[in-house]
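Trainee: I should like to go through a structural model with you, from its overall fold to single residues.
Mentor: Please put your questions in turn.

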Amino acid sequence: MINIKYYYYVATVVQSGSTSYIKGTTCTTKDDFPLSDIEYYIAKHHKKFIQNIAITFYKEITESNYKSYNNE
């Protein structure tokens, strides 16, 4: 049986002297939060430099919270 973990995260992005926050959820079969995968995802999908991204918070959540957050 595959063990899936669900996480909520907040990332801080500093670019051109401006600070913004990106929040989201992810699921993984890894043992812990996939930090570098999420930083890469944010950089690619939000067109930010990966060096300017810091995951400032993450917390494991339930599958139902994950589905609720993503309107599933």
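The dialogue below treats the fold, the sheet, the core, the aromatic rings and the backbone.

Mentor: Before we begin, note that this is a predicted model, in which local features need pLDDT of at least 70 and side-chain atom pairs count only at pLDDT 80 or more, whereas totals for chains, interfaces and linings use all residues. Residues are numbered from 1 along each chain as its sequence is written, and side-chain values use heavy atoms, with hydrogens and water left out.

Trainee: In what order do the elements of the chain run from the N terminus on?
Mentor: Helices (H or I, at least four residues) and strands (E, at least two) are taken as DSSP runs, numbered from the N terminus. The secondary structure of the chain comes to two helices and three strands. From the N terminus on, the elements run β-β-α-β-α.

Trainee: What is the order of the three strands in the open sheet?
Mentor: Two strands pair if DSSP finds at least two bridges between them. The edge strands, each pairing on one side only, are S2 (18-28) and S3 (53-61). Strand S1 (residues 5-15) is joined to S3 by eight bridges, and the two run antiparallel. The order, with antiparallel pairing, is S2-S1-S3.

Trainee: Which residue in S3 is the bridge partner of valine 13?
Mentor: Strands of a sheet pair through backbone hydrogen bonds, either parallel or antiparallel. Here S1 and S3 run antiparallel. In S3, the bridge partner of valine 13 is isoleucine 53.

Trainee: At about what angle does helix H1 run to S3?
Mentor: Axes are lines fitted to C-alpha atoms, for helices over the stretch in contact (heavy atoms within 4.5 Å), and angles run from 0 to 180 degrees between N-to-C directions. Helix H1 comprises residues 35-45 and lies across S1, S2 and S3. Its angle to S3 is about 120 degrees.

Trainee: Which element supplies the largest share of the largest nonpolar core?
Mentor: A nonpolar core is a set of buried Ala, Val, Leu, Ile, Met, Phe, Trp, Tyr and Cys residues joined through side-chain atoms within 4.5 Å. The largest one has 11 residues in all, among them Tyr7, Val13, Phe33, Ile38 and Ile53. S1, H1 and S3 each supply at least two residues of this core. The largest share, four residues, comes from S1.

Trainee: Is threonine 12 buried or exposed?
Mentor: Buried means under 20% relative accessible area, exposed over 50%, and partly exposed in between (1.4 Å probe, protein chains only). Threonine 12 is found in strand S1. Its relative accessibility is 15%, so threonine 12 counts as buried.

Trainee: With which side chain does the side chain of threonine 12 make a polar contact?
Mentor: A polar contact is a pair of N or O atoms within 3.5 Å; within protein, one must be able to donate a hydrogen and the other to accept it, and residues adjacent in sequence count only if both atoms are side-chain atoms. Leaving aside neighbours within four places in sequence, the contacts of threonine 12 include Tyr21, Ile53 and Thr56. The polar contact, at 3.5 Å, is with the side chain of threonine 56.

Trainee: Why is the ring pair of tyrosine 7 and phenylalanine 33 edge-to-face or stacked?
Mentor: Rings of Phe, Tyr and Trp (its six-membered ring) pair if their centres lie within 6.5 Å; planes under 30 degrees apart count as stacked, over 60 as edge-to-face and the rest as tilted. A search of the whole structure finds seven aromatic pairs. In this one the centres are 5.3 Å apart and the planes stand at 80 degrees, so the pair is edge-to-face.

Trainee: How many residues apart are phenylalanine 33 and tyrosine 58, and where do they lie?
Mentor: Phenylalanine 33 and tyrosine 58 form a stacked pair, 4.3 Å centre to centre with 10 degrees between the planes. Phenylalanine 33 lies in the loop between S2 and H1, and tyrosine 58 in strand S3. Phenylalanine 33 is buried at 8% relative accessible area, whereas tyrosine 58 is partly exposed at 38%. The two are separated in sequence by 25 residues.

Trainee: What is the phi of serine 16?
Mentor: Most residues other than glycine have a negative phi. Serine 16, in the loop between S1 and S2, is exposed at 79% relative accessibility. Its phi is positive, near 55 degrees.
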